[in-house]
Amino acid sequence: KLLKMNKKYLLLLVLFSGCFLQAQELFFSNGKNFTKYDYKNSLGNTNSNLRSGEGSFYQLGLDFKLNKATDKLSYAVSVVYNQFNAEGGTSTANYSWKTNYLGVQNALNYTLFQNSKSFKVKTKLGVATSTIIKGEQSINNVVYNITKQEEFKGLTIQPNIGIDFQYAINQNVRISAGYEFSKTYNVSNSSTEELSFTNNQIHFGLHFPLK
């Protein structure tokens with residue numbers, strides 16, 4: 001078993017090294033998610049007592065040029081960690097959800113505007129596939145594990161669109177600030193209850209050109 005695990009890790013390391021050698025940029029970003037839960041029960045009724053919650057966002061990825069003649073269009077692949085949280089309550093009960101998702105995001109980036117080589121405005125169109133790694137529901141301070149609940153477990157798909165403002169500090173480092181809108185769907189849910197997340201995200205990043 002140990003030998004098989006070592007082979008898997010070695011294969012992942014080789015694949016990452018190959019991608020790293022071909023990439024034009026390494027980037028890291030983090031920020032805040034502002035998430036609204038869109039829930040329907042088995043009768044199709046929504047819960048009007050749900051409020052948006054805040055959570056963290058982290059991303060580590062590589063960016064690749066798609067056209068050698070221009071750097072306007074690029075493809076990015078990254079590992080993403082998202083917290084999708086929400087709150088709610090009535091006159092008799094208070095409840096909240098705290099969920100942590102880990103996944104992979106693929107995106108196309110296009111440079112809308114560039115001022116010399118120091119300032120860029122980029123748009124992003126992407127999709128992430130993720131799975132829940134930790135989830136808790138709190139009802140009147142009693143905490144329940146929800147990672148095995150049908151509405152949360154399995155595979156989620158997160159189409160997203162965003163915009164980034166990037167500034168080059170020097171030829172080795174760029175900083176960025178951006179906004180992203182996304183909608184997350186659980187495509188593994190086979191129950192009669194439906195749950196999706198509408199998310200607004202503000203993030204900041206560091207970019208390191210590799211070539």
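How much space lies in the largest pocket? About 390 Å³ lies there, in what is a predicted model, and the tour starts at this opening before it moves to the enclosed spaces and the packed side chains.

**The largest pocket**

Select K65, D71, K120, R174 and P209, which are the closest to the centre of the largest pocket among the 16 residues that line it. Next colour β2 (50-65) and β5 (119-139), the elements that give two or more residues to this lining. If the lining is then coloured by class, it divides into nine charged, five polar and two nonpolar residues.

**The largest cavity**

Rolling a probe the size of a water molecule over the atoms shows where empty space is left. In this model, the count comes to three cavities of 30 Å³ or more, and the largest cavity has a volume of about 280 Å³. To find it, select F27, N109, K124, D164 and H207, the closest to its centre of the 24 residues in the lining. Many strands should then be displayed, since two or more lining residues come from each of β1 (25-40), β2, β3, β4 (94-115), β5, β7 (155-168), β8 (174-186) and β9. By class, the lining of the largest cavity has 13 polar, six charged and five nonpolar residues.

**A stop at G126**

From the largest cavity, turn to G126, which lies in strand β5. Is G126 buried or exposed? G126 counts as buried because its relative accessible area is 13%, and the cut-off for that term is under 20%. A distance drawn between the C-alpha atoms of G126 and N109 should read 8.5 Å, for two residues that are 17 apart along the chain. Showing the surroundings of G126, with its neighbours within four places in sequence left aside, brings up contacts with N106, A107, Q158, P159 and N160.

**The second largest cavity**

The second largest cavity has a volume of about 40 Å³. Select Y101, E151, F152, T156, T184, Y185, N186, L195, S196 and F197 to display its lining, to which β8 and β9 are the elements that give two or more residues. This lining has five nonpolar, four polar and one charged residues.

**The aromatic cluster**

Keep Y101 and F197 selected, and add Y37, F84, Y95 and W97, for ring pairs link these six names into a cluster. The structure holds nine aromatic pairs. One of them is formed by F84 and F197, a tilted pair with 5.1 Å from centre to centre and 40° between the planes. This pair links distant parts of the chain, with F84 in strand β3 (residues 73-89) and F197 in strand β9 (residues 194-209), 113 residues apart. Both F84 and F197 are buried.

**The nonpolar core**

In soluble globular proteins, nonpolar side chains tend to be buried together. Here the largest nonpolar core has 13 residues, and those with the most contacts inside it are Y37, W97, Y101, F152 and F197. The elements that give two or more residues to this core are β3, β4 and β9, and β4 supplies the largest share, three residues.

Finish by centring the view on Y37. Which residues is Y37 in contact with, leaving aside its neighbours within four places in sequence? They are L50, F84, N85, A86, W97, T99, F152, L195, S196 and F197, and among them W97, F152 and F197 are also listed with Y37 for the most contacts inside the core.

Note on methods. Residues are numbered from 1 along each chain as its sequence is written. This is a predicted model: local features need pLDDT of at least 70, side-chain atom pairs count only at pLDDT 80 or more; totals for chains, interfaces and linings use all residues. Side-chain values use heavy atoms; hydrogens and water are left out. On a 1 Å grid over the protein atoms alone, a cavity is a set of points where a 1.4 Å probe fits but cannot get out, and a pocket is an open set with protein on both sides within 12 Å along at least five of seven lines; lining residues have an atom within 4 Å of a point. Grid points are joined across faces, edges and corners, and a volume is the space filled by probe spheres set on the points. Helices (H or I, at least four residues) and strands (E, at least two) are DSSP runs, numbered from the N terminus. Ala, Val, Leu, Ile, Met, Phe, Trp, Tyr, Cys and Pro count as nonpolar, Asp, Glu, Lys and Arg as charged, and the others, Gly among them, as polar. Rings of Phe, Tyr and Trp (its six-membered ring) pair if their centres lie within 6.5 Å; planes under 30 degrees apart count as stacked, over 60 as edge-to-face and the rest as tilted. Buried means under 20% relative accessible area, exposed over 50%, partly exposed in between (1.4 Å probe, protein chains only). Contact means heavy atoms within 4.5 Å. A nonpolar core is a set of buried Ala, Val, Leu, Ile, Met, Phe, Trp, Tyr and Cys residues joined through side-chain atoms within 4.5 Å.
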